[in-house]
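Dear colleague,

Here is the structure I promised to pass on to you. My notes on what was found in it follow below, and I would be glad if you read them with the coordinates open beside you.

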Amino acid sequence: MNVNADVDLYAVVGNPISHSKSPKIHGEFAVQSAENLEYMAIQAPVDEFSESVNAFFDNGGKGLNITVPFKEQAWSLSSQLSDRARLAGAVNTLYQNENGDICGENTDGIGLVRDLTVNHNVSLADKRILVLGAGGAVRGVLLPILEEKPASVTIANRTVAKAEQLAALFSGRGELIACGFDELSGSFDVIINGTSASLQGDLPPLPEGIINDTTIAYDMMYSADKTVFNRWAESCNAACTFDGLGMLVEQAAESFYIWRQVRVDTGPVLAMLRAFE
Ligand code: ATR
């Protein structure tokens, strides 16, 4: 824990945690902004998440990022949730308000939208968007996508009932369509892969016709090589393919802003991570 009382302490909590890039990213943000903070990685035992969080704040810690497998538990543990976090059903950022209550936020969707719209100059407004998958990762980003006012968002999933549940959860916030992969027809302007299929080197069974030569493909996963999904999109002549490393840096920047009210320049940090991939 904090050895130097003059330094504000932050951390990412997960299990496992050694692979996390968050300490590196926030370390760079701190140097760039000259903010006096330390950011560490905490591996919480799977059945002691809330104890780990409470101990961190009780010892004067200022803010936490939460990663797999604890984002839903962080949601349940939060005394206050933003609208975004409430609908996401998951929390990746914790902090305490002036009364000491633990507040939960989810910056994943903002990170995705900012990476697309700012870093890659891809507007989502009035676009036909296809989101692949209907698990926690997709639920976590849907509200910020819908807030960009796309023409429609189609959620396609292997288990169609889960896509339908998500569409119902976000109903009234935009044009939402739920379907299976084999029901997809016509091409899309932007396709976002939020399935975990590529973790197993897999690809959902997708019809080629969903991509045309202006389609932007975005994989929320990232890897040093092109992801399986992005390789497939390229083979179908998509206009551009992007992976989720930019989303990772942008969600971190939004957490940093929530904690420190400081906007950082994400470009150099993203370039550094790419260089070390
Ligand atoms: P995460 O938190 O990463 O979203 P999750 O909630 O388990 O993890 O969701 C995983 C998503 O990837 C789901 O949409 C899942 O489809 P099902 O709902 O049908 O299970 C999808 N997925 C995982 N492996 C897949 C595969 N091989 N092909 C297609 N979809 C897959």
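A word on element names comes before anything else: helices (H or I, at least four residues) and strands (E, at least two) are DSSP runs, numbered from the N terminus. In those terms A34 is found in the loop between α1 and β2, and the backbone there takes a positive phi of about 55 degrees although A34 is not a glycine. With 7 C-beta neighbours inside 10 Å, A34 counts as exposed. Please keep in mind throughout that this is a predicted model.

Overall fold

The protein has 11 helices and 12 strands, and its C-alpha atoms fill a box of roughly 60 × 40 × 30 Å along the principal axes. A compact globule of 277 residues would have a radius of gyration near 19 Å, and the protein agrees with this, at 19 Å. Of the 277 residues, 44% count as buried, and among the contacts with a separation of 6 or more, 63% are between residues 24 or more positions apart.

Strands and sheets

One open sheet has six strands in the order β2-β1-β3-β5-β6-β4, with mixed pairing. Because β2 (37-43) and β4 (80-81) stand at the edges with a single partner strand each, one side of each is left without a neighbour in the sheet. Within this sheet, strand β5 (residues 93-96) runs antiparallel to strand β6 (residues 102-105) and is joined to it by four bridges, with L94 standing opposite G104 in β6.

Elsewhere, strand β7 (residues 128-132) pairs in the parallel sense with two strands: with β8 (residues 152-156) over five bridges, and with β10 (residues 190-193) over four bridges. To find these pairings in the model, you can start from L132, which stands opposite A156 in β8, and from L130, which stands opposite I191 in β10. Strand β7 is mostly covered, in that four of its five residues are buried.

Helix α9 and the turn after it

In helix α9 (residues 228-235) the buried residues are V228, F229, N230, W232 and A233, and the buried residues of this helix pack against β10, β11 (216-219) and β12 (240-242). Just after α9 comes N237, which is placed in the loop between α9 and β12 and has a phi near 70 degrees, a positive value in a residue other than glycine. N237 is exposed, with 12 other C-beta atoms within 10 Å.

Annotated positions and the ligand

Under "binding site", an unreviewed UniProt entry lists S20, K21, S22, T67, N92, D108, Y222 and Q251. Two of these positions were followed up in the model. S20 is found in the loop between β1 (8-14) and α1 (22-33), where it is buried, with 20 other C-beta atoms within 10 Å; leaving out residues up to four places away in sequence, S20 touches V12, G14, A41 and T67. Q251 is placed in helix α10 (residues 245-260) and counts as buried, with 27 C-beta neighbours inside 10 Å. Leaving aside neighbours within four places in sequence, Q251 is in contact with N92, T107, D108, I110 and G111, so that T67 appears among the contacts of S20, while N92 and D108 appear among those of Q251.

As for the ligand, 14 residues lie around it, of which G135, G136, A137, R158 and T159 come nearest. By class, this shell has four nonpolar, seven polar and three charged residues.

The loop between β1 and α1, and two cis bonds

Is H19, which lies in the loop between β1 and α1, buried or exposed? With 8 C-beta neighbours inside 10 Å, H19 counts as exposed, whereas S20 is buried. The C-alpha atoms of H19 and A41, 22 residues apart along the chain, are separated by 9.7 Å. P16 also has its place in the loop between β1 and α1, and the peptide bond from N15 to P16 is cis, with omega near 5 degrees. A cis peptide bond also joins V68 and P69, with omega about 5 degrees, and P69 is found in the loop between β3 (63-66) and α3 (71-77).

With kind regards

Conventions:
Residues numbered from 1 in each chain as written. Predicted model: local features only at pLDDT ≥ 70, side-chain atom pairs only at ≥ 80, totals over all residues. Rg over C-alpha atoms; globule rule 2.2 N^0.38 Å. Contact = placed C-beta atoms within 7 Å. UniProt positions renumbered as here; feature names shortened; annotations may be inferred. Pairing = 2+ DSSP bridges. Near = placed C-beta within 6 Å. Nonpolar A, V, L, I, M, F, W, Y, C, P; charged D, E, K, R; others polar.
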